[in-house]
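Student: I would like a close look at a single part of this model. Please take one sheet and what packs on it, and give the cut-offs as you go.

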Amino acid sequence: MSILVLADLDAGRLAGETAHVLAAARAIGESVDVLVAGKEVQAAAREAAALDGVRRVRVADHDVYAHRLAEPVGALLVALADDYTHVLASTSSAGKNVLPRLAALKGVGQVSDIIAVESADTFKRPIYAGNAVARVKNHEALKVISVRPSAFDAVAPASEPAPVEALDIVVENTLAQFVDEQLAASERPELGGASVIVSGGRGMGNGENFRLLGGIADKLDAAIGASRAAVDAGYVPNDMQVGQTGKIVAPELYIAVGISGAIQHLAGMKDSRVIVAINNDAEAPIFQIADYGLVGDLFDVLPELEGKL
Amino acid sequence: MKVLVAVKRVVDHNVQIRVKPDGSDVELTHVKMAMNPFCEIAVEEAVRLKEQGMASEIVAVTIGPKAAQEQLRSAIALGADRAIHVRTDERVDSHCAARVLARVAEQEQPGLVLLGKQAIDSDNNQTGQMLAALMGAAQGAFASAVEVDGQAVTVTREVDGGLQTLRLTLPAVITADLRLNEPRYAKLPAIMKAKKKPLEDTTPEALGVSVASNIELLGVEPPEERRGGVKVASVDELVEKLRNEAKVIS
């Protein structure tokens, strides 16, 4: 058993997801390498080497891997895959983008979004927006697997850093060119890694009212999320969406404000440790899964809550 | 430029999913079926490209049982020019679907292939990326804007933390995210007319592709139920509970 984990990066640093994917990898087997691919990623490589259970970190640092486009990173993974029985990545947008490309180029199927490892080839994964859980056995020689980070506890820091090996594999990419990116500059934690999340739904009424969540998020060092209804209504951008088609999160505390609780939203947050629902409709389905429900007008409740935190 | 758009027949998103008593799969008999919502967005984008004069012909394709022709008729009613039905009663996994679609693309030679980013049954999010790989083409996954000009397409993608814009050489494969567009409803005369249009029927075997999956479904179980807790009467009580009972705030 030999496992390669594709690291997630966030502005040249190692993203939090990778420590969770490593935990899934360790549940599969002992020999786990981490691949850090990008441009100017030495800091991320050192951070990966400092995580427990890493045998070695392999670094591909080159212009062609900048912005980690699927075409060159997929080709890099193909070049490395023969050394491994398993290749894992998180269900980040980068992982979801490149992993199926690797699988198809190697002629194998993929298992997406695992939430449990039963053995080296048998996994559990949610289907139908988490309304059912499938047990699947992967019979492929190379097992390509994406991992839901929130379903696995992050590995601890290592006592000794793992060795870091520079790769000199440079692939060609004539298919896709990076043009630009617009990333939301936020002082707040990322949705995927936040221990507290405050989310707003259609009940917020408009985008401007999301300010009311900001005050609470500041007090709790929380990320701000949204339901698909709020995104569809144009209140906030899509990268804030929590749900089946957005981010899947499982923070310590999830505060749902003005969210009715459609199954597509619940699919994205029902594994949170503690759920609070604030809604003026006492019959809203969100209350059926909330640990603490408060029926009331959010425009009264939110300022009061902010004041009392 | 020819546009190939792939659609999938799935359980309607409003249906409450139940696991079969024997735990072999979810209950799919007598359940309302529909076109996968992300596939509707893909079809709409194809129609808009044709309206802009960028697409000359739209070919819709699906892989599935006889009844999946309903989804092809829907695609035609929305504006597809013709449709290909790859008939099979097998459960087709994403890799096999991508291999079938790659074969269809080889025959049709589209300039652009559009798909939904994921199907709401398997929630795999694989087929488009796999198809791009098999075609040796560029991929624009999770697209929220598409602009075709000449030999390239500019795609804005939904990524963690924001948006990324790429320029892809054609032919390319694009998967539709939620905000790419808002699909129109088919008009009644178009629905009636779509019923009379010919569908091209084929099978995976005729295309020379095996759809035997190497990802075996061992069984399906209901998710862990989360039980509701208590209602609190005031903000004070909520803060007290979070602080002293749940211990999630200090």
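Tutor: Strand 6 (residues 86-90) and strand 11 (residues 143-147) of chain A pair in the parallel sense over 5 bridges. Here two strands pair if DSSP finds at least two bridges between them, and one such link joins Val87(A) to its bridge partner Val144(A) in strand 11 of chain A. Helices (H or I, at least four residues) and strands (E, at least two) are DSSP runs, numbered from the N terminus.

The model is predicted: local features need pLDDT of at least 70 and side-chain atom pairs count only at pLDDT 80 or more, while totals for chains, interfaces and linings use all residues. Residues are numbered from 1 along each chain as its sequence is written, and chains are lettered from A and ligands numbered from 1 in the order in which they are written.

Strands 6 and 11 belong to an open sheet of 7 strands in chain A, with the order 7-11-6-1-4-5-12 and parallel pairing. Its edge strands, strand 7 (110-114) and strand 12 of chain A, each pair on one side only. On average, neighbouring strands of this sheet are turned by 25° against each other, direction ignored; axes are lines fitted to C-alpha atoms, for helices over the stretch in contact, and angles run from 0 to 180 degrees between N-to-C directions.

Now the helices. Helix 2 of chain A lies across strand 4, strand 5 and strand 12 of chain A and runs at about 170° to strand 5 of chain A. Helix 3 (residues 70-81) of chain A packs on the sheet too, touching strand 1 (2-6), strand 4, strand 5 and strand 6 of chain A, and its direction makes about 150° with that of strand 4 of chain A. Contact requires that the C-beta atoms of two residues, placed from the backbone, lie within 7 Å.

Which residues of helix 2 of chain A are buried? In this helix (residues 42-49), they are Ala44(A), Ala45(A), Glu47(A), Ala48(A) and Ala49(A). A residue is buried if 20 or more other C-beta atoms lie within 10 Å of its own, exposed if 12 or fewer, and partly exposed in between. The cover over these buried residues includes strand 4 (31-38), strand 5 (56-61) and strand 12 (164-166) of chain A. Also included are strand 2 (9-10), strand 3 (13-14) and helix 1 (17-28) of chain A.

One loop residue of chain A completes the account. Tyr128(A), in the loop between strand 9 (122-127) and strand 10 (132-138) of chain A, has a positive phi of about 50° although it is not a glycine. Tyr128(A) counts as buried because it has 26 C-beta neighbours inside 10 Å.
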